[in-house]
Amino acid sequence: MVRRAAARPAGTSANSGAEEPRPARRPELRLPPPSPWPGALLEPDGDYDGLEFRDADLSGHDGAGARFMDCALTGCALDETALGRARFLDTVLTGIRGVGTNLAESTFRDVEVLDPRLGGTQLHGAVLERVVIRGGKIDYLNLREARLKDVVFDNCVLVEPDFAGAHLERVEFTGSALRGADFGGTTLKDVDLRGASHLDITRGLDRLRGSAITPAQLLDLAPALAAELGIKVLP
């Protein structure tokens with residue numbers, strides 16, 4: 001089961017007079033020894049408790065509405081896997097890979113995702129709480145209208161992530177690259193972008209209220225910010 005880790009202190013503020021964003025609470029997972037998954041097809045609304053899915057090819061399986069608790073998914077293929085409205089609780093996903101995985105309206109609570117290799121993952125309308133995504137690369141991640149609370153993106157690469165209409169609270173990007181991010185219509189609270197190794201926002205710069213960036217990041221974003229606000233920068 002899960003024991004909460006102590007909150008990590010925030011970094012030094014770029015503006016000494018500004019209030020530091022509250023740090024995300026991170027899960028600390030201690031899974032009980034899992035039992036091997038017998039290797040059948042996933043079932044819609046299935047109940048999976050204390051199982052290890054190792055190097056399983058789950059491509060095309062229909063596990064919509066399934067519940068995974070105290071599970072470990074390691075090296076699994078998730079191409080076109082249907083996991084809409086699934087629940088992942090106290091679970092570790094390591095080295096998962098796949099294109100077009102459907103996780104719309106799913107729930108991730110007290111979860112670690114390590115070294116994923118995913119493309120076109122559908123997480124619109126999902127709920128993520130106390131989640132760490134560490135390493136790996138995710139292309140075209142769809143988080144539209146999702147709710148993220150106490151989520152850490154740690155040293156991962158996000159290519160054209162779509163946060164449009166999402167609500168982010170206590171979310172950190174530590175050593176992570178955001179390339180072509182869409183923040184249109186988002187609501188941000190205590191979002192810390194200062195640790196991002198690369199910050200490229202193509203839409204929604206006017207929605208960054210509630211986030212923290214560094215002076216260097218502000219300079220990098222200045223041309224796009226001026227264009228977003230309709231400001232003409234002339235010699």
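A polar contact, as I'll use the term today, is a pair of N or O atoms within 3.5 Å, and within protein one of them must be able to donate a hydrogen and the other to accept it. Hello everyone, and please keep in mind that what we have here is a predicted model.

Let's use that definition straight away on Thr-91. You'll find Thr-91 in strand β8, which covers residues 87-94. Its side chain reaches the backbone oxygen of Leu-89 at 2.8 Å. The side chain of Thr-91 also reaches the backbone oxygen of Phe-68, this time at 3.5 Å.

So, is Thr-91 buried or exposed? Thr-91 counts as buried, because its relative accessibility is 0% and the cut-off for buried is under 20%. And who are its neighbours? Leaving aside residues up to four places away in sequence, Thr-91 touches Leu-29, Asp-110, Val-111 and Glu-112, among others. The list also includes Phe-68, Met-69, Asp-70, Cys-71 and Leu-73.

Now let's turn to a sheet. Strands of a sheet pair through backbone hydrogen bonds, either parallel or antiparallel. Here, 6 strands make an open sheet with parallel pairing, and the order across it is β9-β11-β13-β15-β17-β19. At the edges sit β9 (97-99) and β19 (198-203), each of which pairs on one side only. On average, neighbouring strands of this sheet are turned by 10° against each other, ignoring direction.

Let's zoom in on one pair. Strand β15, residues 157-159, runs parallel to strand β17, residues 177-182, and 3 bridges join them. Within that pair, Leu-158 stands opposite Leu-178 in β17.

Thanks for listening, everyone!

How values were computed:
Residues numbered from 1 in each chain as written. Predicted model: local features only at pLDDT ≥ 70, side-chain atom pairs only at ≥ 80, totals over all residues. Heavy atoms only, no water. Pairing = 2+ DSSP bridges. Helix = DSSP H or I, 4+ residues; strand = E, 2+ residues; numbered from the N terminus. Axes fitted to C-alpha atoms, helices over the stretch in contact; angles between N-to-C directions. Buried < 20%, exposed > 50% of the residue type's maximum accessible area, 1.4 Å probe, protein only. Contact = heavy atoms within 4.5 Å.
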